[in-house]
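Hi,

Here is the structure I promised to pass on to you. Have a look at it first, and then read my notes underneath.

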Amino acid sequence: MEPRTAFQSKTVMTDLVLPSETNPLNNLFGGELLARMDRAASIAARRHSRRIVVTAAVNHVAFNRSIPLGSVVTIEAKVSRSFSSSMEVYLDVWIEDRESGECIKANEAIYTFVAVDETGRPVKVPELVAETSLEIERFDAALRRKQLSLVLAGKMKAIDATELKALFL
Ligand SMILES: CC(C)(COP(=O)(O)OP(=O)(O)OC[C@H]1O[C@@H](n2cnc3c(N)ncnc32)[C@H](O)[C@@H]1OP(=O)(O)O)[C@@H](O)C(=O)NCCC(=O)NCCS
């Protein structure tokens, strides 16, 4: 399988915030943003693997900044590392200032997708080649995040999480 770059999976989705998608403070409802990010991330994972992909975990979400009604929201998703069948997808969320057109970072998130066959069984995916310094930084930390996610999900013993142990010992 030919390795693929992070850029080859890059997925950009831009959309408005409409009244039915807001909370009582007239800001984007968190669940709506999670769904939009899930869609963008699944397209990025599919572009990387060229397979059916399913969401295995939402590893991290930071709702740092509220997103007001009427905002133009851009979500950029890229695979940050692939393993055997799983892929970490990193998402950056931007809002665009109406007058200046300047984009401000609002949120970020990290999802894990797994490539599966038609029966839902995990299948191998291509290696990910990180090129830019940010891509390399995200690639390098992804194994640690995978181990943390597996420990929290009860799928890995903490004692086996070598990357986590290296942080503390
Ligand atoms: C995701 C899924 C395919 C994993 O299947 P599984 O039988 O647990 O398979 P495995 O244990 O071999 O795991 C497959 C890969 O997923 C990774 N994985 C599984 N759970 C994970 C988690 N919580 N966090 C990070 N990675 C996870 C494993 O580490 C493995 O990665 P690797 O092959 O790259 O090393 C299966 O749990 C599933 O179909 N879940 C439902 C998915 C879904 O419907 N999503 C939408 C929710 S509505």
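Let's start with the ligand: strand E3 gives the largest share of the shell around it, 4 residues. (Helices, H or I with at least four residues, and strands, E with at least two, are DSSP runs numbered from the N terminus.) Before you go on, keep in mind that this is a predicted model, where local features need pLDDT of at least 70, side-chain atom pairs count only at pLDDT 80 or more, and totals for chains, interfaces and linings use all residues. Residues are numbered from 1 along each chain as its sequence is written, and side-chain values use heavy atoms, with hydrogens and water left out.

**Around the ligand**

Of the 17 residues around the ligand (a heavy atom within 4 Å of it), Ser84, Ser85, Ser86, Lys146 and Ser149 come nearest. Some polar contacts (pairs of N or O atoms within 3.5 Å) show up here. Ser85 has a polar side-chain atom 2.7 Å from a ligand oxygen, and a side-chain N or O atom of Ser86 is also 2.7 Å from an oxygen of the ligand. For Lys146, the distance from a side-chain N or O atom to a ligand oxygen is 2.8 Å. On its own, the ligand has 940 Å² of accessible area (Shrake-Rupley method, 1.4 Å probe), and the protein covers 54% of that.

**The nonpolar core**

Now for the largest nonpolar core, which has 28 residues; Ile67 and Leu91 have the most contacts inside it. Such a core is a set of buried Ala, Val, Leu, Ile, Met, Phe, Trp, Tyr and Cys residues joined through side-chain atoms within 4.5 Å. Buried means under 20% relative accessible area, exposed over 50%, and partly exposed in between, with a 1.4 Å probe and protein chains only. Helix H1 (30-49) supplies the largest share of this core, 6 residues. Leaving aside neighbours within four places in sequence, Ile67 is in contact (heavy atoms within 4.5 Å) with residues including Val17, Leu33, Val93 and Ala106.

**A charged residue inside**

Is Arg138, in helix H2, buried or exposed? Arg138 counts as buried because its relative accessibility is 14%. Beyond its neighbours within four places in sequence, its contacts include Glu88, Asp92 and Glu108.

**Two backbone oddities**

Most residues other than glycine have a negative phi. Asn26 has a positive phi, near 65°, and lies in the loop between strand E2 (11-16) and H1. Arg50 has a positive phi too, near 55°; Arg50 sits in the loop between H1 and E3.

Cheers

Methods: Polar contact = N/O pair within 3.5 Å; in protein donor to acceptor, adjacent residues only side chain to side chain.
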